[in-house]
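Please look through the sequence and the model shown here before reading on. The report that follows begins with one residue and its contacts and then widens to the chain.

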Amino acid sequence: MKKCEAQHRTGSALASLSLACALSATLGLTGCRGDRAEDPPRQFFPDMDDQQKWKPQTQTQFFADGRAMRQPATNTVAFSRAPLTVQTLEGNPAWASSFLADRADLLKSDDAVFTGKDASGQYLEKIPVAVDRAMLERGQNRFNIYCAACHGMAGDGKGMVGQQWSYPLPNFHDDKYITRSEDPNIPQWRDGYLFHTARNGVWTPDGTQNKMPGYAHALDVHDAWAVIAYVRVLQESHRGTKDDVPAAQLATIDAAAKAAADAKAAAEKAAADKAAADAAKAQPASPTDKPADKPADQPESGKGGAQ
Ligand code: HEC
């Protein structure tokens, strides 16, 4: 009690606290500010420090199903983060479209898009979403970020990391990644299989060992389809011939190729001329001119010597 009084002797504003402290001591309750105690703290003015509440995932007798957390009402779906009314939806389709896209994502109603498999569990043959230029560019961007380090910018398995791998990485230009096969053990030509691989990685058949990490954390389903579309572009461009190029662009390419060939020929000729000129200049007047500069058996400078 003495200690408490000493602490609060000064400062008349604290008089009541002092009093409370003295009072608690009188009542046989131990503990002053700074003292340690196992008991819960005493609250003289509880204000609204504590309120009744249920913590997440706890049980309660209050609801018939025994859960404290409630389920969303039946047949309802989280729709969007902004109030959505018929007026806003119908009056402003551009604005609504992003929410509708969100809604499709939240519902995940189209299994094929989200799993890469059809209703029977078979990997889809073809990408189930629309492919356009913007999507391909997105796919290129994501592929170069997330896949190229191992699989190479060209998909040939010769990325900087891929080259260091303990075994050769697959080459996406191999036949099995392109040509249709009825063999169930060769699913690599199916877009759905590539999609599944991009998101979930590659595992040993018993599922215990991870051979390639999955990228679902980095690629949402739309990005993953875009990456697969881009892999198809890489394959296509790899197999392309000059005949695939539209005539208008062919002229440009031919002109560029001719310019490059001309420049190369000119450079080669200049180099040959210079070599010939140098050779003529370097023709020694007499054999004694030659070994002038530095004898080969001596270091270039004193630096190499022991210090
Ligand atoms: C860290 C290196 C690494 C990165 C990054 C990587 N992969 Fe792979 N990937 C591998 C390895 C290793 C294999 C071979 C696994 C095996 O079968 O042993 C492989 C195999 C594959 C295969 C062939 C699967 C099969 O069954 O034939 C595909 C398709 C593939 N990766 C797609 C991707 C895509 C798409 C990305 C980018 C999202 C990606 N990978 C990123 C390492 C990587």
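Leaving aside its neighbours within four places in sequence, which residues is A198 in contact with? In this predicted model, A198 is in contact with Y215, L219, A224, V227 and I228 once those sequence neighbours are set aside.

A198 also belongs to the largest nonpolar core, a set of 19 residues in which A198, A224, W225, V227, I228, Y230 and V231 touch the most other members. Both α8 and α9 supply at least two residues of this core, and the largest share, 9 residues, comes from α9. In soluble globular proteins, nonpolar side chains tend to be buried together.

Helix α9 spans residues 221-239, and its 19 residues reach 27 Å from the first C-alpha to the last, close to the 27 Å expected at 1.5 Å a residue. The buried residues of α9 are D223, A224, W225, A226, V227, I228, A229, Y230, V231, R232 and L234, and what covers them includes α6 (133-146) and α8.

A198 appears once more around the ligand, where 19 residues form the surroundings and C147, C150, A198, K211 and M212 come nearest. The elements that give two or more residues to this shell are α7 (148-151), α8 (191-200) and β2 (210-212). By class, the shell holds 15 nonpolar, 3 polar and 1 charged residues.

For the chain as a whole, the secondary structure comes to 10 helices and 2 strands, which run α-α-α-α-α-α-α-α-β-β-α-α from the N terminus on. Of the 307 residues of the chain, 11% count as buried, and among contacts between residues at least 6 apart in sequence, 43% join residues at least 24 apart.

Two loop residues deserve a separate look for their backbone angles. D47 has a positive phi although it is not a glycine, and the description also applies to K108, which is not a glycine and has a positive phi. The table sets out their places and surroundings.

| Residue | Phi | Loop between | C-beta atoms within 10 Å |
|---|---|---|---|
| D47 | about 45° | α2 (15-26) and α3 (86-91) | 6 other C-beta atoms |
| K108 | about 45° | α4 (93-107) and α5 (111-115) | 11 C-beta neighbours |

Are these residues buried or exposed? D47 is exposed because 6 other C-beta atoms lie within 10 Å, and K108 likewise counts as exposed, with 11 C-beta neighbours inside 10 Å, since a residue is exposed if 12 or fewer lie within that distance.

Terms used. Residues are numbered from 1 along each chain as its sequence is written. This is a predicted model: local features need pLDDT of at least 70, side-chain atom pairs count only at pLDDT 80 or more; totals for chains, interfaces and linings use all residues. A residue is near a molecule or strand if its C-beta atom, placed from the backbone, lies within 6 Å of it. Helices (H or I, at least four residues) and strands (E, at least two) are DSSP runs, numbered from the N terminus. Ala, Val, Leu, Ile, Met, Phe, Trp, Tyr, Cys and Pro count as nonpolar, Asp, Glu, Lys and Arg as charged, and the others, Gly among them, as polar. The expected span of a helix is 1.5 Å times one less than its number of residues. A residue is buried if 20 or more other C-beta atoms lie within 10 Å of its own, exposed if 12 or fewer, and partly exposed in between; C-beta atoms are placed from the backbone. Two residues are in contact if their C-beta atoms, placed from the backbone, lie within 7 Å. A nonpolar core is a set of buried Ala, Val, Leu, Ile, Met, Phe, Trp, Tyr and Cys residues joined through C-beta atoms within 7 Å.
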